[in-house]
Amino acid sequence: MKQVEKIKEFGGWLERWQHESASCHCTMTFSVYLPPQAATQGCPVVYWLSGLTCTDDNVRTKAGAQRYAAELGLILVMPDTSPRGDDVPDVPERYDLGKGAGFYVNATQAPWATHYQMYDYVTRELPALVEAHFPAIPGRRAISGHSMGGHGALICALKNPGLYASVSAFAPICNPAISPWGQGCFSAYLGDDQTSWAAWDATRLIQAGAPLPPALIDHGTGDEFLAEQLFPHNLQAACAARDIPLKLRMQDGYDHSYHFIATFIGEHLAFHASALSKR
């Protein structure tokens with residue numbers, strides 16, 4: 001690993017690292033915030049998955065999460081949203097496919113399959129790296145994310161029972177198999193057989209019997225993508241049909257932006273800190 005940045009914040013350190021990824025076959029970048037407590041003891045980790053067009057930089061500069069992480073003693077790990085590099089396939093004229101739009105799946109179709117293995121990267125490779133190089137308490141993990149990253153957080157939790165103490169999301173794509181964003185990426189990365197998409201769709205995973213850890217989801221009623229892309233009530237109905245507790249909050253007037261995230265990120269991190277304290 002190569003450290004490329006280190007900035008002191010709220011008594012801790014915000015760092016950026018690069019490494020060669022065995023999953024994505026390219027150089028990957030991630031940021032990590034180490035709270036002041038990490039100087040003397042191990043700390044639990046919250047993974048944050050960002051949305052379309054983002055890198056690791058958006059959340060660390062816009063969400064205000066480091067202040068709360070410092071108070072709660074949480075390590076924040078913020079990976080990039082896709083593989084990067086000259087050899088990585090892309091569709092430059094589209095913001096919703098290719099670089100910046102990895103969708104946290106393992107691609108099976110050419111030319112994407114070689115590099116677009118973001119699910120393995122997020123759930124396997126990155127946690128192993130973090131727990132080997134930082135004072136992260138092994139096994140004490142939670143996961144959160146925004147939009148495409150909220151989708152990623154939900155499927156990572158649903159597909160890995162026990163891996164995360166809790167999951168939360170801001171404006172997640174809850175039913176990507178029927179969302180234009182999801183359909184565009186799924187057809188490219190996974191192929192046209194839509195039966196294979198169910199394994200990467202939170203609503204369909206719930207319908208198929210997947211367990212859900214303690215979950216908190218916030219959507220803004222003023223979100224311009226709510227009706228056509230996000231489908232939170234489909235996820236809510238799937239959970240209700242199986243008597244799965246789900247805290248879904250519709251926040252009046254809030255949009256899809258980091259202004260929304262910054263308003264409630266402290267509550268989300270406190271939610272994770274409480275769940276992690278029980279492990």
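A salt bridge is a side-chain nitrogen of Lys or Arg within 4 Å of a carboxyl oxygen of Asp or Glu. In general, side chains of opposite charge can pair when their charged atoms come close. This report describes such pairs in a predicted model, where local features need pLDDT of at least 70, side-chain atom pairs count only at pLDDT 80 or more, and totals for chains, interfaces and linings use all residues. Residues are numbered from 1 along each chain as its sequence is written, and side-chain values use heavy atoms, with hydrogens and water left out.

**Salt bridges**

The structure holds eleven salt bridges. The table lists some of them, with the distance between the closest N and O atoms.

| Acidic residue | Basic residue | Closest N and O atoms |
|---|---|---|
| Glutamate 5 | Arginine 16 | 3.9 Å |
| Aspartate 80 | Arginine 84 | 2.8 Å |
| Glutamate 267 | Arginine 249 | 2.9 Å |

The pair of glutamate 267 and arginine 249 links distant parts of the chain: glutamate 267 lies in helix α9 (residues 258–277) and arginine 249 in strand β9 (residues 247–251), 18 residues apart. Helices (H or I, at least four residues) and strands (E, at least two) are DSSP runs, numbered from the N terminus.

Accessibility is described with three words: buried means under 20% relative accessible area, exposed means over 50%, and partly exposed is in between (1.4 Å probe, protein chains only). Glutamate 267 is partly exposed at 39%, while arginine 249 is buried at 18%. Arginine 84 is partly exposed, with a relative accessible area of 26%, and its partner aspartate 80 is buried at 5%.

**The β1–β2 hairpin**

Glutamate 5 forms a salt bridge with arginine 16. This pair also links distant parts of the chain, with glutamate 5 in strand β1 (residues 2–9) and arginine 16 in strand β2 (residues 12–21), eleven residues apart. Glutamate 5 is partly exposed at 26%, and arginine 16 is buried at 18%. Both belong to a network of salt bridges that links Glu5, Arg16, Asp56, Asp57 and Arg60.

Strands β1 and β2 run antiparallel and are joined by seven bridges; two strands pair if DSSP finds at least two bridges between them. Glutamine 3 has tryptophan 17 in β2 as its bridge partner. The two strands form a hairpin with two residues between them, and phenylalanine 10 in the turn has a positive phi of about 50°.

**Helix α4**

Helix α4 (residues 148–158) is mostly covered, with eleven of its eleven residues buried. Among the buried residues in α4 are Met148, His151, Cys156 and Leu158.
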